[in-house]
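Q: Please take a close look at one charged residue in this chain and describe its surroundings. Then set it against the charged pairs elsewhere and the chain as a whole.

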Amino acid sequence: MKRIFKLHYQSQWGQTAHISGSGEVLGNWDTGRAFAMRYEGNFLWTIEIEFPDNATLEYKYLIRHSDGQLSWEGGENRLLKPEWAETVEHYDEYREASDQERVLFSKVFTEVILKPETLYQQTVIPVLPRRLRFALFAPRVGKGFGMAVVGGHEQLGNWQKPLLMSNVHYPLWELELDAAGLEQNIPYKYVIVRLNDLSIATWEEGANRMLPAVIFSDDPLLTIICQEYFRYPVGLWKGAGLAVPVFSLRSNESFGVGEFNDLKKLVDWCVLTGLKMIQLLPVNETVATHSWLDSYPYKSISVMALHPMYLHLPALGTLNDQKLMKEFEKKRQELNQKPCVDYVEVTKAKSRYFKLIFDQEWERISKSDEYLRFFEENKEWLIPYAAFCFLRDHFKTSDFREWDGYAVYNPDQIAALTDPVQLFHEHIAVHYYIQFQLDQQLRKAVDYAHAKGIALKGDIPIGVSPNSIETWTEPALFNLNGQAGAPPDDFAIMGQNWGFPTYNWEMMEADGFAWWKKRLKMMEKYFDAYRIDHILGFFRIWEIPKHAVHGLLGYFKPGLPMTSTEIEDWGLWFDHERLARPYIRGYMLHDFFGEYADEVRRTYLIETEEDRYTLKPKFDTQQKIFAHFVTDGSNKKSNLKNSFIRDGLMSLLNEVLFVRDPYTPYPAWHPRIALYFTYSYRDLDEARKNALNDLYIHYYYKRHEEYWKYHALTKLPVLVGASRMLVCGEDLGMVPEVVPEVMRQLNILSLEIQRMPKNPRIEFGHPNQAPYLSVCTTSTHDMSTVRGWWEEDKAKTQRFYQRILGHNDEAPFFAEPWVCFEIIRQHLHSPAMWTIFPIQDLLAMDGALRWEQTDEERINVPSNPENKWRYRMALSLDELCKADEFNQLLKGMIHLSGRDADY
């Protein structure tokens, strides 16, 4: 078979077009080979290639620039499949690398929001020697409508009778015609038609398209005109959604915590109000200690397993013991009446039910086709997960380093442990059973949402627990001697230490990021979009040494530390003792410890020279200090004093100007973040301060930009291409300049928050300044709600009230419903593709529905590592669905903003 590729590309001087693909006949892009195309004039590039008759291959075009650099076109790989003709012409349009409308080809739209109600195929046409096939990618058509071709020729309907295209391969629309008589330069256009009578509903914008010149040949010939987009006359698609953790949902049937089953009622409410997306926090298994610490959804012990607390117990079956059923019902009602989630009591009660229903139902379930299929599809991660849970409970710790002979993962040993012949196998199989039921219940909720046109957005945490299945089974993929966190910001002035190990990206890249691909494939089973938690971590992560507690002692990884010689080239003589050791002087102690200064001097410090101190060896790291002051909480007054001294001692260790890099084989250093606030910096002479200022600005804002861009582009394209989900990035914090550029290039949506503008020169962002490829929101789970923020700083609130909301009077003390209405409305009219609101901020618009306890609505305080994730809606979903007045208000707001369209 001969294939002739004809590419329309408006090249610049010095550029040449090339083609490359998945097989040798196309150069085999894995080897980097590509074939140059011939320029024919009028921006047309061609190449002719002989193909095997039955070859199915992928291909793409790329441009070689005058400096030798290569640029690949954007979008998914193009597909070549076997055709009936001996010669096939491909007329293709070059796809720019970044195209904001390409996100409409993601699963959110093609499988949920914009998915056609029916698929219809073109009537079979007779076998003809020459055919012409129109192929148009167009996801945005609408329910009850179809795509058609109409043009200035009898075979094209003479501009009066459009020809309906097949959508069997949606979002690709196809129409095949007899090419005889279709000469060059026949005008045509694509139109959207009503399916009931094929009348034209919408003409595409712009000039008429023109049929290209076709080859005149006696051989069977198929000409394929492949075009990328319908030119919509209406504006860009926009939608609205809500954000809420599953555990925060409340229904009359739930067991003190939101459950997967409750998502169905939330979907019903979305349909009532015109919301199109539900954004959730991570739903993965986190049980490590069987305590409140496990309520933290971003510290998973498995990136594959789901959290058992989300199971709806009645769907598992009824216990035969009716006395026990009454006992559980009494407990359910008790827990469901609490204003917040009682994580420990909920998980304890549900775990008991799991064991009882497992004993009763396992023999039947274990033989069912559904379970056997689930086990076979998931056993690669399911067996190690069940073994981990069994050993965690057996050894009373999730720290696998304390598991005696099981500390190092051995597949053969685990196979023996999980062998069904073992007498204790039921304690392993119960975890298979629970995960099977979780999968069943979440899938049913997802199917229900999709049937109603509602998309689900998940969340990918940046890290995993250091005591997790992944770090146990694949330790080489992680740097277990480092802790991931974040530099200081508005959330936490000491920085954040999340306690996660950082990733060993070199090892992950060695197998093509297989671990990430499996993780995303699993996520795609349930979700249509996902949020990359802390996307900056894919450019560089803030890594904190294991001996540290505060994020202030961290450094960027990958990073380019400085040698002492390089530091001195900036005019700063490198005195290790002065710049890289804790700077502790006698005059500082009262500032740090107040009335306890003398006690601290005697107990914890060594005077090395007059009025100069160092910490005693048993207190010379933050982890040692933290461990020393761990108490049982019995004496509150003593604990307050100890916490004060503990925090002061750890702060003394932050008094350094440079942090040693742990990876270089020679001494190299990172300037300590936020060093301007240290006593050590304050006591430098002006000349050394100026030199350090210049070095600091260069290091943190110039030195790494291209370096981090390179590292991000080795990882993120693989992640984006690993699924069809819509990708959104949480790009808050200390954002390198290259981050927005890379996100635009990869069509990753940014996060825009009014109170945290990306522009450091302004105090508040305005929703109307958000880019199209973004998610615009009022707050996140790491922030106070709109109502909570309104009360935090009255002066700031007043400025916001005047500058952003446009009022001239005094701001109300509380964020009254009408204030929240104005803020929500402002966001809805943003140009952002998505506006997604925390459910607390939406309910704030109604004085009767919102919770009086504003402070209890905040989900997380990032600076508090012991935060209890317990927020639960005060209003049940049953009540919310019946709140007609509020629902009509929200529906009207969404409609007026143009965010309720299904086209």
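A: In this predicted model, Arg250 touches residues from two stretches of the sequence, leaving aside those up to four places away. One set of contacts consists of Asn336, Lys338, Pro339 and Cys340. The other runs through Arg872, Met873, Ala874, Leu875, Ser876 and Leu877. Arg250 itself sits in the loop that follows strand S19 (239–243) and precedes helix H2 (263–273).

Arg250 is buried, yet it takes part in no salt bridge. The nearest side chain of opposite charge belongs to Glu879, and it is 6.9 Å away. A salt bridge requires a side-chain nitrogen within 4 Å of a carboxyl oxygen, so Glu879 at 6.9 Å does not qualify as a partner for Arg250. What the side chain of Arg250 does reach is the backbone oxygen of Lys338, at 2.9 Å. Lys338 is also one of the residues that Arg250 touches.

Elsewhere, charged side chains do pair up: the structure holds 49 salt bridges. One of them joins Arg724 to Glu111, with the closest N and O atoms 2.9 Å apart. Arg724 is in the loop between helix H19 (705–721) and strand S32 (726–729), while Glu111 is in helix H1 (residues 107–113), so this pair ties together parts that are 613 residues apart in sequence. Both partners are partly exposed, Arg724 at 27% relative accessibility and Glu111 at 36%.

Other salt bridges lie within a single helix. In helix H3 (residues 322–336), Lys331 and Glu334 are three residues apart, which separates them by about one helical turn. Their closest N and O atoms are 3.5 Å apart. Lys331 is partly exposed, with a relative accessible area of 23%, and Glu334 is partly exposed too, at 37%.

Helix H4 (residues 343–365) holds another such pair, Asp359 and Lys355, four residues apart, or about one turn of the helix. Here the closest N and O atoms of the salt bridge are 3.0 Å apart. Asp359 has a relative accessible area of 46% and Lys355 one of 26%; Asp359 is therefore partly exposed, and so is Lys355. Salt bridges can also be linked into a network, as they are for Glu73, Arg78, Asp92 and Arg95.

The chain as a whole gives the setting for these details. It contains 26 helices and 35 strands. Its radius of gyration is 31 Å, close to the 29 Å that the globule rule gives for 903 residues, so the chain is as compact as a globular protein of that length. The C-alpha trace spans about 100 × 80 × 70 Å along its principal axes. As an example of separation within it, Asp694 and Phe255 are 58 Å apart in space, C-alpha to C-alpha, and 439 residues apart in sequence. Asp694 belongs to helix H18 (residues 686–701) and is partly exposed, with a relative accessible area of 46%.

Buried residues, Arg250 among them, make up 56% of the 903 residues. Of the contacts between residues at least 6 apart in sequence, 73% join residues at least 24 apart. The chain exposes about 39,400 Å², and carbon and sulfur atoms supply 51% of that area.

Notes. Residues are numbered from 1 along each chain as its sequence is written. Side-chain values use heavy atoms; hydrogens and water are left out. Helices (H or I, at least four residues) and strands (E, at least two) are DSSP runs, numbered from the N terminus. Buried means under 20% relative accessible area, exposed over 50%, partly exposed in between (1.4 Å probe, protein chains only). Lys and Arg count as positive and Asp and Glu as negative; His and the chain ends are not counted. A polar contact is a pair of N or O atoms within 3.5 Å; within protein, one must be able to donate a hydrogen and the other to accept it, and residues adjacent in sequence count only if both atoms are side-chain atoms. Contact means heavy atoms within 4.5 Å. The radius of gyration is taken over C-alpha atoms; the globule rule is 2.2 Å times the number of residues to the power 0.38. Accessible areas come from the Shrake-Rupley method with a 1.4 Å probe; for residues, only the protein chains shown count as cover.
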